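Q: I have a two-chain model open and want to go through it piece by piece. Can we start with one residue and work outwards?

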Amino acid sequence: MQKFLLQGLLRRALTEQAPIPNPTSIAELGYTLGRTARQKLGRSLSIREVDAGSCNGCELEIHALNNAYYDLERFGLRFVASPRHADVLLVTGPVTKNMREALERTYAATPDPKWVIAVGDCAFDGGVYCESYACVGGVANVVPVDLHIRGCPPDPTTLLKGLIAFVDTMS
Amino acid sequence: MNFASKQIAAQPSPPTCLPWPREIVDRDGWLAFAESLAKGARELLSLWGEPSSVHMAVLEEREPRLRIVSLECPEGSFPSVGRLHPPALRLERAIRDLYGLRAENAPDERPWLDHGRWGVRHPCSDPEKIDSTKDSYAFLPAEGEPLHQIPVGPVHAGIIEPGHFRFSANGETVVRLEERFGFVHKGVDQLMAGASIERAARLVARVSGDSTVAYSLAFAQAVEAAFDVNVPPRATYLRALMAELERIANYFGDIGAICNDAAFALMHAQCGIVRERILREAASCFGHRLMMDRIAPGGVVVDLERENVTALFTLIEWIELMTPRLIALFGDTTSLQDRTVGTGYVSEALAKQYACGGYVGRASGRTFDARKAIGYAPYPQLTFEIGCSKEGDVDARVWVRFDEIKASLRLLRQILDEMPEGPIIAAWALPEDWTREGAALVEGFRGDIFVWLRMRADGVVQRCHLRDPSWFQWPLLEAAIKDNIVADFPLCNKSFNCSYSGHDL
């Protein structure tokens, strides 16, 4: 373990930085996000993820936001364990009928002001599952959605870009 | 593929399943199979329904040979297999929810996937409209003065899939865990019926996102079996390359997450780096981080460029360097061992009874791996060993994953070294003569995925059954957590890492 810790001290962080403004670089997204989030919420935005029927693909990529390369927390964005601690619900999936009530109750348990970001093509309009008897089809059919991040699944960079767009448009 | 000669040679015939013929049995024959399952002479691979028949796939014990048997159900019911062989219980409950066929004298007649919210009963066969309500659900009792219940889910604290866990605990000790699933049921069976091959392939790739390669591979193999398509050798190697990349990416993710649930974040961070580099390489080779929709019936849709081969070798070399370090980090951290050793024990007998696949089975002495047992291309040409342990605890499930990472790295080297040149997808056409059936058993990272399908001659799926390995792993989690403390549940659950979406379908 000492070896890993020592390396952590001696080596440069893996976290990706691109200080030169570049519209596609994660670091630039992070810079703008940091500034806007600071204005609105004092640098902190708590996100509660809700899987409302996804295939787990979106969850894998949302998870990746926490790894050393993307390090979401440096932007003041962090995932929390309860909707009662959250500012934002990050919802995935075509909202199955069996999950509808759970999503509604999670939304109700989130204190105001609150925002909803729908992640993935399923959460946009039901995706490949849109004709199913078991799905409501699209998060917006159940709770008001402030932003859609498309993709099947959206990769972590797309997710970060979406989060920035969200913070920019947040009223 | 030219089917013209076959059309002349053979008359239209009733569908037969390839590569394993489907045998029609009567009620006695069906019961004989159920009894042999209960005795342990055979293992249950799957049990599924159609509007007026039920099918069962079993594995013969002596030789790993797969058999599929069918029973007509004109009365809308069939002799319960679950009454004799408990692993069939949830599958029978699902058959009733979706197809309305009742398992006679089944010990558990509660619905499983149907929560009463679909607005319809048995949606896949003669649907009956109902007012959408919420069915009540009777959890199994656990009685005793000091017991209390802890309901968890469907929305969990982490970034994971939804499901409900009902704990009955005595102080900190779990007396009974009961799972309740179906929350992510998306109606895949019904969406598949009537879908074109292309649409069906897209659906299959989205049954369980972490196993998208394995599912697409299983579906493709079943279609290829049904239509007798010869996949070009290069395509089989590219498929194996994707499958092994998916396997190790998931294993690193799992090991990190297990350690994180024991509050050892360092391992989580390190494993996350390895996983991310694999996904990035996958995106650079095949254009998608999870390699979704890259396998199609007949072959693969993206070829591997020469410069990607070099990059893959560099990646493999780096992972080969990192793996022993991570193994040392895991093995030398005694406070971590304190949490994993002896936790969440699954006995050999249970793993065998449930024909439990993947690392859960292999950590409890059941050395089944479809890559070896079925031996689909290109695995018979490659040398590898599968992980195995008899310890049956969380620790063993981590070690089996480490062993299989090493095996997959060796496989990846062989695949890249020996990959033949040539086309990547077979030119094949639909026979347009009669209905075909095909089946496949493919080893995903989580265990063996079974697919059976019936295709119309015009390429439309009539019925497709997909059985996730989790069906036979979830019930064992209930056994594994018994007598452990509630706080160790996340650790046990992560060490299983069963799929909710693949199970709920």
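Q: Where in chain B is B:F384 placed?
A: This is a predicted model, to begin with. B:F384 is in the loop between α13 (370–373) and α14 (394–418) of chain B.

Q: What does B:F384 touch, leaving out residues up to four places away in sequence?
A: B:A407, B:R410 and B:L411.

Q: Why does B:F384 count as partly exposed?
A: B:F384 has 17 C-beta neighbours inside 10 Å. The cut-offs are 20 or more for buried and 12 or fewer for exposed, so a count in between is partly exposed.

Q: And how many Å is B:F384 from B:K372 in space?
A: The C-alpha to C-alpha distance is 9.1 Å, for two residues 12 apart in sequence.

Q: Switching to β15(B). Is that strand mostly covered or mostly open?
A: Mostly covered. Strand β15 of chain B takes in residues 436–443, and 8 of its 8 residues are buried.

Q: Which residues of β15(B) point which way?
A: B:R436, B:G438, B:A440 and B:V442 point one way, while B:E437, B:A439, B:L441 and B:E443 point the other way. In general, side chains in a regular strand alternate between the two faces of the sheet. Both sets in β15(B) are buried, B:R436, B:E437 and B:E443 included.

Q: What is β15(B) joined to, and do the strands run parallel or antiparallel?
A: Strand β1 of chain B, residues 17–18, runs parallel to β15(B) and is joined to it by 2 bridges. In that pairing B:L18 stands opposite B:G438. Strand β16 of chain B, residues 448–455, runs antiparallel to β15(B), with 8 bridges between them. There B:L441 stands opposite B:F450.

Q: How many residues lie between β15(B) and β16(B)?
A: There are 4, and the two strands form a hairpin. In the turn, B:G447 has a positive phi of about 150°.

Q: Now helices. What is the end-to-end span of α6(B), and what should it be?
A: Helix α6 of chain B covers residues 212–227, which is 16 residues, and at 1.5 Å a residue it should span 22 Å. Its end C-alpha atoms are 22 Å apart, which agrees.

Q: How many of the α6(B) residues are buried?
A: 16 of 16, so by the count of 20 or more C-beta neighbours within 10 Å the helix is mostly covered. B:D228 follows α6(B) and has a positive phi, near 55°.

Q: Zooming out to the whole of chain B. How many helices and strands?
A: Chain B has 17 helices and 17 strands. Its radius of gyration is 23 Å, close to the 23 Å from the globule rule for 505 residues, so chain B is as compact as a globular protein of that length. The C-alpha trace spans about 70 × 60 × 45 Å along its principal axes. Of the 505 residues, 54% count as buried.

Q: What about chain A, same summary?
A: Chain A has 6 helices and 5 strands. The order from the N terminus is α-α-β-α-β-β-α-β-α-β-α. Buried residues make up 50% of its 171 residues. Among contacts between residues at least 6 apart in sequence, 77% join residues at least 24 apart.

Q: How many residues of each chain are in contact with the other?
A: 38 residues of chain A are in contact with 42 residues of chain B. On the chain A side, the elements giving two or more residues are β1 (45–51), α3 (57–64) and α4 (97–109). α3(A) gives the most, with 6 residues. That side divides into 22 nonpolar, 10 polar and 6 charged residues.

Q: What confidence does the predictor give the complex?
A: An ipTM of 0.93 and a pTM of 0.93.

Q: And where is pLDDT low?
A: Chain A has a mean pLDDT of 84, with 82% of its residues at 70 or more. Confidence in chain A is lowest in helix α2 (residues 26–41), at a mean of 54, and highest in α4(A), at 97. Residues 18–30 of chain A are below 50. Chain B averages 93, with 97% of residues scoring at least 70. In chain B, pLDDT stays under 50 over residues 1–12. Where pLDDT is low, the predicted coordinates should not be read in detail.

Key: Residues numbered from 1 in each chain as written. Chains lettered and ligands numbered in written order. Predicted model: local features only at pLDDT ≥ 70, side-chain atom pairs only at ≥ 80, totals over all residues. Contact = placed C-beta atoms within 7 Å. Nonpolar A, V, L, I, M, F, W, Y, C, P; charged D, E, K, R; others polar. pLDDT = per-residue confidence, 0-100. Rg over C-alpha atoms; globule rule 2.2 N^0.38 Å. Expected span 1.5 Å × (residues − 1). Pairing = 2+ DSSP bridges.
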